[in-house]
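Work through the exercises below with the structure open. Each task is followed by a solution in steps.

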Amino acid sequence: MTDLHWLPTIEDWRQRLRALGGEPASAWDGAVALANARLNFVLTNALDETVRRILPAGPEALATKKVRLAVLGSSTLAHLLPAIRVAGLRRGIWIDAYENDYGQYLQELSDSGSALHDFQPTAVLLALDAYHMTAGVTAGMDAEAAEAALEEMKGRIAEAWRLARDAFRCPVMQQAILPVHLPLLGNNEHRLPGSRAWFLTRLNQAIRAMAEPEGVDILAVDDRAARDGIGKWHDPALWHRSKQEVTPTAAPLYGDLAARWLAAKQGRSFKCLVMDLDNTLWGGVIGDDGLEGIALGQGSPLGEAYAAFQDYARELSRRGVILAVCSKNDEANALEPFEKHPDMVLKRGDIASFVANWQNKADNIRAIAQELNIGLDALCFIDDNPFERNLVRRELPMVAVPEVSDDPTGYPLALADGGYFEGLAVTGEDRERTSQYQGNKAREALKAAVTDLPSYLRGLEMQLISKPFDMIGLQRIVQLINKSNQFNLTTRRYTDGDVVAVMADPDAFGLQLRLTDRFGDNGIIAIVIGRLLPDKDLYIDTWLMSCRVLGRQVEPTTLNLIAQEALKLGAKRLVGEYIPTRKNGMVKDHYSRLGFTVMESDAAGGSRNLLDLAGFVAAETFIHVTEG
């Protein structure tokens, strides 16, 4: 299962690879399309070699920031780097990868004059092999000696984390240790303290416990190997010949696991699962077979498989994934199982957007994205029909479309193995996301019922709760900073440590803003970071907002709060910068609309804007502001 089974096979893949070239933008788009195919190790390397030849520095314009990834370890890692770069392509990310000299990871981390420090990574993956981690561990050890060896290894790993974060102030991911050692005792291996196999089990448990308070993420290759079988990941013969702990055939999957972490760090994980209905959520065609004729739930293996897929989708929803329906059906027929079938796991209230008509699915998916106010590149579409899958891939290449058969037992596996919804943490807002979208529908209904905008805004009974950054909200703050792309003036990304540093800086402030109204809690909808400069200008380092609350006077209300915080710090002026990306064009004129004067503009469309606080008058809005 180490092949990328959730991706489609492209019949003319090699011909398209040979034709790759021309303009950098078209070459990039072509490379991304080729990366989204079911590739083995040989094809992965061929694509990487071609892309590095025709785009040696990557494309000029990207939807995301380029990543400089240092892969540091104690074994041979070079064969993994092409797979990591190609997996980055799959997610629209350009990755420059660095490998330390063999076995020199700790030395290069410690030496400020090393090639690693010249590389200046923006992300670090620490990949330590099992043989290195169990050096000196023997079956002759008693429990006390084994415990001491474990503490020593934990200390070595923690020191590597500290060196990486102190030197580069960037995200760190620790590869779990592959369980390559054979048992000596058997089923009760845990009763042999010095067993290397049991030592690695304990070490992986310890690494996860250590990583949590440090904000270090885990590359869970041990879990993956447990599913695939260690033989799919590790070949002892290759280890002895070339010190490759991860076999080349597993490299494409290894690269995908690493790249989906980088994508999650950039907020590029998918947000919404769009589901077909007939033969996807149940067996059969509801319009032809009727409620009694569809296969669903207890009574048949097929019906249980469909119910199991619904259960998986519902569990995704409970951790923050938005669910939508896109079906060619009469709406009344499509709704009937949700309302009347006793074995239906998903209910209508679980679905944030429900589209059932006879229009083509590409247009309906566009409508779903518009209704949910999210980008098309946030949608993952699952459908049993190959015609519909290929249509959406052709018309909407930014939408993820996993390749599935007509066997529903494979649907959850395709979504899980594809890593479409890779997450780093789960917040309270994630768990409430579906109810927030249901609240949006009620707000839109109110908007349609009133005759003027002021009456609509007044009727919402909005309350903006302002709180400084705190440890309780840390995960949600970091999550929003790293995934918000559209209403984001500078698109700067921050780690947990960066946010904690803002909290500790007396010349800076961080605000987390929550919006509630008569229809419910919208959650944390805005993040602002301000920094006082030596000349008493208050620089707005970060200002991002959820697009869900646009048009509700949140922008001027937030400016009132920024001005208030700036004056507390003794600032005389506000300086707001707009740094353009491919996704944030909607806020190009944000500062000028709020009364700032444009002081500087650049050729890329960016601007530096100024507001004199001496003459600032707080805007009157229909939003009541309180401190949390």
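A residue counts as buried under 20% relative accessible area and as exposed over 50%. The model used here is predicted.

**Exercise 1.** Decide whether Thr491 is buried or exposed, and describe its backbone.

Solution. Step 1: the relative accessible area of Thr491 is 6%. Step 2: the cut-off for buried is under 20%, so Thr491 is buried. Step 3: Thr491 lies in the loop between α23 and α24 (496-504). Step 4: its phi is near 55 degrees, a positive value in a residue other than glycine. Most residues other than glycine have a negative phi.

**Exercise 2.** Do the same for Glu461: is it buried or exposed?

Solution. Step 1: Glu461 sits in the loop between α22 (453-460) and β10 (463-468). Step 2: although Glu461 is not a glycine, its phi is positive, about 55 degrees. Step 3: its relative accessible area is 55%. The cut-off for exposed is over 50%, so Glu461 is exposed.

**Exercise 3.** State how many residues of helix α23 (residues 474-483) are buried.

Solution. Step 1: the buried residues are Leu474, Arg476, Ile477, Val478, Gln479, Leu480, Ile481, Asn482 and Lys483. Step 2: that makes nine of ten, and the helix is mostly covered.

**Exercise 4.** Find which residues touch the most other members of the largest nonpolar core.

Solution. Step 1: the core has 102 residues, and those with the most contacts to other members are Leu69, Leu203, Trp233, Tyr254, Leu273 and Phe338. Step 2: helix α8 (residues 143-168) supplies the largest share of this core, nine residues. Step 3: a second, separate core of 36 residues includes Met462, Leu513, Phe596 and Ile623.

Terms used: Residues numbered from 1 in each chain as written. Predicted model: local features only at pLDDT ≥ 70, side-chain atom pairs only at ≥ 80, totals over all residues. Heavy atoms only, no water. Buried < 20%, exposed > 50% of the residue type's maximum accessible area, 1.4 Å probe, protein only. Helix = DSSP H or I, 4+ residues; strand = E, 2+ residues; numbered from the N terminus. Core = buried A, V, L, I, M, F, W, Y, C linked by side-chain atoms within 4.5 Å.
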